Amino acid sequence: MRTLWGCLKLIAVTVFLLIAVFYYFVKCEATVVEATKIRFEKPRETLYFVEKTWARDGIVLMIATNGNGCVNEKRKYVIGDEFFFYKTSNDTLYVYTRYLLDAPEKFNSKVKVVSKEYSLDDYFYFRENLKELELSVFP
């Protein structure tokens, strides 16, 4: 009986460790393909546009306060898998996407992030007038 109990404990600990390693891998160990710094003078802060890949899930783009992309979902803007237009103005980052972004609950930055939705007509207009509109594209 004692060896059976010991085997069950060993199996339970092994399963727990495997789950913990898998969870860490899925949440934090995806490959950061690109992390672009966006610097702001006032307030003196840096935000990052991060492109991450997972073998199974594909590409995810996000705006985060660090460049490694391993941040709690409540602390970053998740954009999805499509490129986006953006521009900065003073303490504000304007992000133009196909759909409005949900603001994270605990985004820890003094920079204001303003989400704007664009239409198909806007897309073509933005593409043709990037410089005049002072827009950039990520990635």
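**A hairpin, its sheet and the aromatic contacts around it**

In the predicted model, strands β5 and β6 form a hairpin with two residues between them, and N90, which lies in the turn, has a positive phi of about 55°. The pairing of β5 (residues 84–89) with β6 (residues 92–97) is antiparallel and extends over five bridges; within this ladder, S89 has T92 of β6 as its bridge partner, while K87 stands opposite Y94 of β6. Strand β6 is mostly covered, with five of its six residues buried.

The hairpin belongs to an open sheet of four strands, arranged in the order β7-β6-β5-β8 and mixed in its pairing. The edges of this sheet are formed by β7 (112–117) and β8 (136–138), each of which pairs on one side only. Direction ignored, neighbouring strands of the sheet are turned by 30° against each other on average. Between β6 and β7, which run parallel, there are six bridges, and T97 is found opposite E117 of β7. Strands of a sheet pair through backbone hydrogen bonds, in either the parallel or the antiparallel sense. Helix α2 (residues 120–128) lies across β5, β6, β7 and β8, and runs at about 60° to β5.

These elements are part of a protein whose secondary structure comes to three helices and eight strands, following the pattern α-β-β-β-β-β-β-β-α-α-β along the sequence. Of the contacts with a separation of 6 or more, 40% are accounted for by residues 24 or more positions apart. Buried residues make up 29% of the 139 residues in the protein.

The largest nonpolar core holds 17 residues, of which L47, F49, I63, F84, L93 and V95 touch the most other members. At least two residues of this core are supplied by each of β1 (31–40), β2, β3 (58–64), β4 (77–80), β5 and β6. Apart from this core lies another, of five residues, among them Y96, Y118, F126 and L135. In soluble globular proteins, nonpolar side chains tend to be buried together. When neighbours within four places in sequence are left aside, F84 is in contact with F49, L61, I79, V95, Y96, T97, S136, V137 and F138.

The structure holds 14 aromatic pairs. One of these is formed by F49 and Y86, whose rings are arranged edge-to-face, at 4.5 Å centre to centre and with 75° between the planes. Because F49 lies in strand β2 (residues 45–54) and Y86 in strand β5, the pair ties together parts that are 37 residues apart in sequence. With the limit for burial set at under 20% relative accessible area, F49 counts as buried because its relative accessibility is 0%, and Y86 likewise counts as buried, at 12% relative accessibility.

A further aromatic arrangement is a single cluster formed by F83, F85, Y96, Y118, Y123, F124 and F126. Among its members, Y96, Y118 and F126 also belong to the five-residue core, while Y123, F124 and F126 fall within the span of helix α2, residues 120–128. The ring of F83, another member of the cluster, has the charged end of R127 sitting over it, 5.2 Å from the ring centre.

Conventions
Residues are numbered from 1 along each chain as its sequence is written. This is a predicted model: local features need pLDDT of at least 70, side-chain atom pairs count only at pLDDT 80 or more; totals for chains, interfaces and linings use all residues. Side-chain values use heavy atoms; hydrogens and water are left out. Two strands pair if DSSP finds at least two bridges between them. Axes are lines fitted to C-alpha atoms, for helices over the stretch in contact, and angles run from 0 to 180 degrees between N-to-C directions. Contact means heavy atoms within 4.5 Å. Rings of Phe, Tyr and Trp (its six-membered ring) pair if their centres lie within 6.5 Å; planes under 30 degrees apart count as stacked, over 60 as edge-to-face and the rest as tilted. Buried means under 20% relative accessible area, exposed over 50%, partly exposed in between (1.4 Å probe, protein chains only). A charge sits over a ring if NZ of Lys or CZ of Arg is within 6 Å of the ring centre and within 35 degrees of the ring normal. A nonpolar core is a set of buried Ala, Val, Leu, Ile, Met, Phe, Trp, Tyr and Cys residues joined through side-chain atoms within 4.5 Å.
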